[in-house]
Amino acid sequence: MLAMFRTVLAPVVLALGIGGVLAPAQAPSPKKAEPPKAMRLYVFDCGLLNIAPAGVARYHVTPAETGETRMPVPCFLVAHPKGTLMWDVGVIPDETVEAMASKGGAHFDVNPVSAAVVTRTLKSQLAAIGYSPSDITYVAISHAHKDHSANLNEFASSTWLARPVEREFMWQKGNERVEPSFYTKLEHSKSLDISKNESKDGEYDVFGDGKAIIKAAPGHTPGHQVLILQLASLGRVMIAGDLYHYLPERTFHRAPPDNEFSVQQSADSRAKIEEYVKKTNTTLWIEHEWAANAKLKKSPAYYE
Ligand SMILES: [Zn+2]
């Protein structure tokens, strides 16, 4: 907002030859982003998770099979000509990351077997490409676990694309898999009930042109979902949330973790999604897969 205000005002002030009071010099901020002509996908670094051996075993794989046991925590921005969608918002809130910046990053034990480290804020990465959280049209998360929801409060002015079953899970008393302080401001923010607006296959078309589809894939949590994008350069890509965590789970058809909200639903969702990606020639991205994430272009670069 500020950047636009200054760009508009400065020539007027100069043209009128008004002397004297001008805003004090500020650090140059990048130009506010314009809607792109074609849909873009930006990938942000929202930290990593160090996983203890018991945390690997939970996924019915071994460190020998996975190689790298750490998990990246990515966040994603879809910039479409008709608006923007933020997908998954990190594991430690930006304000904590800022407070810990001088100590080499923020640390947070997500659970007894997984410890997060975050060195960069999401909002600084958004700012670098001309966005502020308040500019974002829609926010959605694959699911509400702590490592996907940390910065939701920053997106309280976006329209939250939500499923009632996940909302219920998010504010369920005594639910240790979530951190309600991450999304206090969303309890009464503007939201849209996807389940009332989706196709019979559980698909919700975010921008109305089939290029960004949110699809139900329950089990990991009651309202777990995936995002399918149709990108000019990559073709169809599915950002698959936590349908899987490590690649060998998928390659070797391992059973879902025992601590899923519903193991049976997860197994069914995996089967349905595998059929879907095959039929629609879609590449599946496992969000927490280290080697795959390492190869992704990171913002400010983007996929178109
Ligand atoms: Zn996760």
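Let's start with Asp135: at 28% relative accessibility, this residue counts as partly exposed. Everything here comes from a predicted model. Two topics follow: charged side-chain pairs, with a count of 9 salt bridges, and a zinc ion held by protein donors including Asp147 and His148.

**Lys32 and Asp135**
- Asp135 pairs up with Lys32 in a salt bridge, with N to O at 2.9 Å.
- This one links distant parts of the chain, as the partners sit 103 residues apart.
- Lys32 is in the loop between α1 (2-16) and β1 (40-51), while Asp135 is in the loop between α5 (122-127) and β6 (138-140).
- Lys32 comes out at 24% relative accessibility, so Lys32 counts as partly exposed.

**Lys215 and Glu203**
- Here the side chains of Lys215 and Glu203 form a salt bridge, 3.0 Å from N to O.
- Lys215 belongs to strand β10 (residues 212-216) and Glu203 to strand β9 (residues 203-205), so the contact ties together parts 12 residues apart in sequence.
- Lys215 has a relative accessible area of 9%, which means that Lys215 is buried.

**Arg270 and Glu249**
- Another salt bridge joins Arg270 to Glu249, and their closest N and O atoms are 2.9 Å apart.
- Because Arg270 lies in helix α9 (residues 263-280) and Glu249 in helix α8 (residues 247-251), the pair ties together parts that are 21 residues apart in sequence.
- Both ends are tucked away: Arg270 is buried at a relative accessible area of 6%, and Glu249 is buried at 1%.

**The zinc site**
- Asp147 (OD), His148 (NE2), Asp242 (OD) and His288 (NE2) are the protein donors of the zinc ion, lying 2.1 Å from it.
- Along the sequence, the donor residues follow the spacing D-H-x93-D-x45-H.
- The two histidines link distant parts of the chain, with their positions 140 residues apart: His148 is in helix α6 (residues 146-149), and His288 is in the loop between β13 (282-285) and α10 (290-295).
- As for solvent, His148 and His288 are both buried.
- On geometry, the angles among the 4 donor atoms run from 86 to 159 degrees, and the site counts as irregular.
- Why not tetrahedral? That label needs all angles between 85 and 135 degrees, and the range here goes up to 159 degrees.

Note on methods
Residues are numbered from 1 along each chain as its sequence is written. This is a predicted model: local features need pLDDT of at least 70, side-chain atom pairs count only at pLDDT 80 or more; totals for chains, interfaces and linings use all residues. Side-chain values use heavy atoms; hydrogens and water are left out. A salt bridge is a side-chain nitrogen of Lys or Arg within 4 Å of a carboxyl oxygen of Asp or Glu. Helices (H or I, at least four residues) and strands (E, at least two) are DSSP runs, numbered from the N terminus. Buried means under 20% relative accessible area, exposed over 50%, partly exposed in between (1.4 Å probe, protein chains only). Donors are N, O and S atoms within 2.8 Å of the metal (3.2 Å for Na, K and Ca); water is not among the atoms, so sites may look incomplete. Four donors count as tetrahedral if all angles lie between 85 and 135 degrees; four count as square planar and six as octahedral if opposite donors are over 155 degrees apart and all others between 65 and 115; anything else is irregular.
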